[in-house]
Every structure is written in structure tokens, then in C-alpha cells.
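Work through the exercises below with the sequence and the coordinates open. Each task is followed by a stepwise solution.

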Amino acid sequence: MKDSNCIFCKIAAGEIPSKTVYEDEKFRVVMDLGAASEGHALIIPKNHYANLMELDEETAAGVLPLAGKISRAMMKGLKCDGLNLVQNNGEEAGQTVMHFHLHVIPRYKGGAEVIEWKPGSPTAEEMEAAASRIKAEL
């Protein structure tokens, strides 16, 4: 299933040129045009899913092993010191293209800050209340 108005559907289908580093029947992995660091790549399913919650189980089961394969190649080929896997869902979370994709971002010693947040300190009661609301929806 493809969305004819989705730029990532067009990239995944090869209709828009990209620097492809890997492709199979379900995914295309391309270099990110807005790279956070050298080698930043995107894993894009060929079928359209707006976000994580829309992924079917088969596609979801394929994403992490592929991320591992790409990550191992980055560690060897780019000699990076680590990496981040980033997946945003919704505008408030930083998703700018509403087609599920996973960022694989190489990290280098002394490199730019790519991802950061200030850890909070929720109380036990706050954590229990949030956990209860989540459990109620499972």
C-alpha cells in the first residue's frame, strides 16, 4: 500500500533519486538529506504507515534486525564510536514526514550533540499513576 502524495513512499519506490545504501522487498535505506552526523541514514518501509502505531507485525519485526545490520556496517565502514536509533511519532515528537521511518545516526567522539534531554525525577506516585493509565489501555 502506497500513498501517492507521500515523499517517502516515492523515495522507497525509487521514484525520487536517493543515495540508497540497502534495499530489499520491504525496505529501502537511504542517506538522510538533513544528516545529524556523517553517515546518518533512514530505514523506510516500502509500504505506507504513518507511524509506529500503524505498522503491521511483519514490518515491525523486520525493522530492528535491519537496523542491526545497518549499524554493524556503519561501525565498521565509518569507524563511528556509537550510534543512536531514533523514531519519532507525531509532530510534537519531532516527526516531520508522516511515514514511519527509523533514523540510524552514527556518533563520533567530540561530535555534535544530536539527542539530549534533561532527566526528570517523577515521584513513585506519579509513575504509578502513569503506569496504571497505560496498563488500562493494553
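**Exercise 1. Surface and overall figures**

Task: State the accessible surface of the protein and the share that belongs to carbon and sulfur atoms.

Solution.
- Step 1. The model is predicted. Its accessible surface comes to about 9,100 Å².
- Step 2. Carbon and sulfur atoms hold 56% of that surface.
- Step 3. Turn to burial: of the 138 residues, 31% are buried.
- Step 4. Add the extent. Along the principal axes, the C-alpha atoms fill a box of roughly 50 × 40 × 25 Å.
- Step 5. Count charges. There are 15 positive and 20 negative side chains. The centres of these two sets lie 9 Å apart.

**Exercise 2. Elements and their order**

Task: List the elements from the N terminus on.

Solution.
- Step 1. Count them: the protein has three helices and five strands.
- Step 2. Read along the chain. The order is α-β-β-β-α-β-β-α.
- Step 3. Check the range of the contacts. Take those with a separation of 6 or more; 52% of them link residues 24 or more positions apart.

**Exercise 3. The sheet**

Task: Give the strand order of the sheet, then find which strands stand at the edges.

Solution.
- Step 1. The five strands form an open sheet with antiparallel pairing. Their order is β1-β2-β3-β5-β4.
- Step 2. β1 (20-23) and β4 (82-86) have a single partner strand each, so they stand at the edges with one side lacking a neighbour in the sheet.
- Step 3. From one strand to the next, the twist averages 20°.
- Step 4. Place the helix. α2 (residues 57-78) packs on the sheet and touches β1, β2 (27-31), β3, β4 and β5. The direction of α2 makes about 20° with that of β5.

**Exercise 4. Strand β3 and its partners**

Task: Determine how many bridges join β3 to β2 and how many join β3 to β5, then describe the burial of β3.

Solution.
- Step 1. Between β2 and β3 there are five bridges, and the two strands run antiparallel. Phe-27 stands opposite Pro-45 of β3 here.
- Step 2. On the β5 side, β3 (residues 41-45) is joined to β5 (residues 102-107) by three bridges, again antiparallel. Leu-42 faces His-103 across this pair, and Ile-43 stands opposite Leu-102.
- Step 3. Sort the side chains. Ala-41, Ile-43 and Pro-45 point one way from β3. Leu-42 and Ile-44 point the other way. All are buried.
- Step 4. Conclude. Five of the five residues in β3 are buried, so the rest of the structure largely encloses this strand.

**Exercise 5. Thr-59: buried or exposed?**

Task: Locate Thr-59, classify it and list its contacts beyond four places in sequence.

Solution.
- Step 1. Thr-59 sits in helix α2.
- Step 2. Its relative accessible area is 6%. The cut-off for buried is under 20%, so Thr-59 is buried.
- Step 3. Leave aside neighbours within four places. Thr-59 is then in contact with Phe-27, Pro-45 and Tyr-49.
- Step 4. Link this to the sheet. Two of these partners, Phe-27 and Pro-45, stand opposite each other.

**Exercise 6. Lys-79: buried or exposed?**

Task: Place Lys-79, classify it and give its phi.

Solution.
- Step 1. Lys-79 lies in the loop between α2 and β4.
- Step 2. Its relative accessible area is 61%. Exposed requires over 50%, so Lys-79 is exposed.
- Step 3. Check the backbone. Lys-79 is not a glycine, yet its phi is positive, at about 55°.

Technical notes. Residues numbered from 1 in each chain as written. Predicted model: local features only at pLDDT ≥ 70, side-chain atom pairs only at ≥ 80, totals over all residues. Heavy atoms only, no water. Buried < 20%, exposed > 50% of the residue type's maximum accessible area, 1.4 Å probe, protein only. Contact = heavy atoms within 4.5 Å. Areas by Shrake-Rupley, 256 points an atom, 1.4 Å probe, with all protein chains shown as cover. Lys, Arg positive; Asp, Glu negative; His and termini not counted. Charge placed at Lys NZ, Arg CZ, Asp CG, Glu CD. Pairing = 2+ DSSP bridges. Axes fitted to C-alpha atoms, helices over the stretch in contact; angles between N-to-C directions.
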